[in-house]
Amino acid sequence: MSDRVMFGLLGPLEAWSGEVRLDLGPPKRRVLLTRLLVEDGHPVSADRLCDDLWEGRPPAGAVSSIHSHISRLRAVLEPGRTRRGQGTVLVSGPAGYTLNAPPDTRDSTRFEQSVTHARELLSQGRLDDARHEIENGLGLWRGAALADAANHAFAAREISRLEEIRMAAGELSATVLLQQHEYDRAALVAEELTTRSPLREAAWAQLMRALYLAGRPAEALRRYEAIRTLLADELGAVPGPELSGVHVSVLRQDLTAPEPVRPAAADVSPGV
């Protein structure tokens, strides 16, 4: 296979070789491939795979099933490999099976890199570039992270981690839009975040800020009452300092638009 295999984890599992989408087979095989991808290049024993794929209750033929699925995955991922030849993508060894998928072949890694780069661009005051970068990163999402393994315990930690980064990326997008004075659009982004994570106070604070700056202070105050009630009912808690501070600023009508960072002046010292 001349083209590297590229993997999509930000939604239903996908694998591509160049422009060709690979047929990954039935659900159990897709979960197996997800399990190997999550291990990030480390070997996983057949016994561990059986426990993870069947949630600690593998049937009598689980090991044979694993071997069969591995064989079929190898045929898909490396069609040019001879039957007895040693592959380079999905390999076996004393410690188990290893999937050699470099970080940049996974959309999840490229998404994280986009978020990091967007933060750097924002810190430099490059708003247009930051917005483009974060939109590209969020555009990689096609659904829920690791969707094929959503009900498996082994995937829970990685799903939670990726979804947290996705929320942070959304908040970063709203921040950029606020600094570009696109308040209505920032409100739409923040609204989506509060829908996805109803108890996330930072998203509610951004929503209130965007609504106020868009000339909708009464709506901003209604949203504060909504999250205040939700926090009390769900957690027995009160709004934290950031959310409370935005609320006070809305009441005082002194909430101002965030100022974008200005790039540092270039060093123009004359040479000697």
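**Entry 1: the second largest pocket**

I began with the second largest pocket, which holds about 160 Å³ of space. The model I am reading is a predicted one. I then listed the residues that line the second largest pocket: L9, L37, V38, D40, R106, S108, T109, E112, L146, E158, R161 and L162. By class, I recorded five nonpolar, two polar and five charged residues in this lining. I also looked up which helices take part, and found that α1, α4 and α6 each supply at least two residues of the lining.

**Entry 2: R106**

I chose R106 from the pocket lining for a separate check. I located R106 in the loop between β5 and α4. Is R106 buried or exposed? I noted a relative accessibility of 8% for R106, so this residue counts as buried, the cut-off for that class being under 20%. Setting aside neighbours within four places in sequence, I found R106 in contact with F7, L9, L37, D40 and A101.

**Entry 3: F7 and the largest nonpolar core**

I turned next to F7, one of the contacts of R106. Not counting residues up to four places away in sequence, I recorded that F7 touches E14, A15, L33, L37, L77, L99, A101, T105, R106 and D107.

I then looked up the largest nonpolar core, which has 49 residues. Which of its residues touch the most other members? I wrote down F7, L33, L36, I66 and L99. Eight elements each supply at least two residues of this core, and I list them here with their ranges:

- I noted the strands β1 (5-8) and β5 (96-99).
- I noted the helices α1 (27-38), α2 (46-53), α3 (62-77), α4 (107-123), α5 (127-138) and α6 (153-179).

I found that α6 gives the most to this core, with eight residues. Apart from the largest core, I recorded another core of 25 residues, including A174, V189, Y212 and L243.

**Entry 4: the open sheet of three strands**

I followed β1 into its sheet. Three strands form an open sheet here, in the order β1-β2-β3, with antiparallel pairing. I noted that β1 and β3 (20-21) stand at the edges and have a single partner strand each, so one side of each is left without a neighbour in the sheet.

How many bridges join β1 to β2? I read four bridges between β1 and β2 (residues 14-17), and the two strands run antiparallel. I looked up two of the partners: V5 has S17 in β2 as its bridge partner, and G8 has E14 in β2. The hairpin of β1 and β2 has five residues between the strands, and in this hairpin I noted that G11 takes a positive phi near 140°.

**Entry 5: β4 and β5**

I went on to strand β4 (residues 90-93), which four bridges join to β5 in an antiparallel run. β4 and β5 form a hairpin, and I recorded two residues between them. I found L90 opposite L99 in β5. L99 is also one of the residues that touch the most other members of the largest nonpolar core.

**Entry 6: positive phi outside glycine**

I kept a general point in mind for this entry: most residues other than glycine have a negative phi. I looked up two residues that depart from this pattern.

For E55, I read a positive phi near 55°. I placed E55 in the loop between α2 and α3. I recorded E55 as partly exposed because its relative accessibility is 33%.

For H181, I read a positive phi of about 65°. I placed H181 in the loop between α6 and α7 (183-196). H181 has a relative accessible area of 45%, and I therefore entered it as partly exposed.

**Entry 7: N151**

I closed with N151, which I located in the loop between α5 and α6. Is N151 buried or exposed? I read a relative accessibility of 72% for N151, so this residue counts as exposed, the cut-off for that class being over 50%. I also looked up its position with respect to E201: N151 and E201 are 50 residues apart in sequence and, from C-alpha to C-alpha, 27 Å apart in space.

Definitions and conventions: Residues numbered from 1 in each chain as written. Predicted model: local features only at pLDDT ≥ 70, side-chain atom pairs only at ≥ 80, totals over all residues. Heavy atoms only, no water. Core = buried A, V, L, I, M, F, W, Y, C linked by side-chain atoms within 4.5 Å. Buried < 20%, exposed > 50% of the residue type's maximum accessible area, 1.4 Å probe, protein only. Contact = heavy atoms within 4.5 Å. Pairing = 2+ DSSP bridges. 1 Å grid on protein atoms, 1.4 Å probe; cavity = no way out; pocket = protein on both sides within 12 Å on 5 of 7 lines; lining within 4 Å. Points joined across faces, edges and corners; volume = space filled by probe spheres on them. Nonpolar A, V, L, I, M, F, W, Y, C, P; charged D, E, K, R; others polar.
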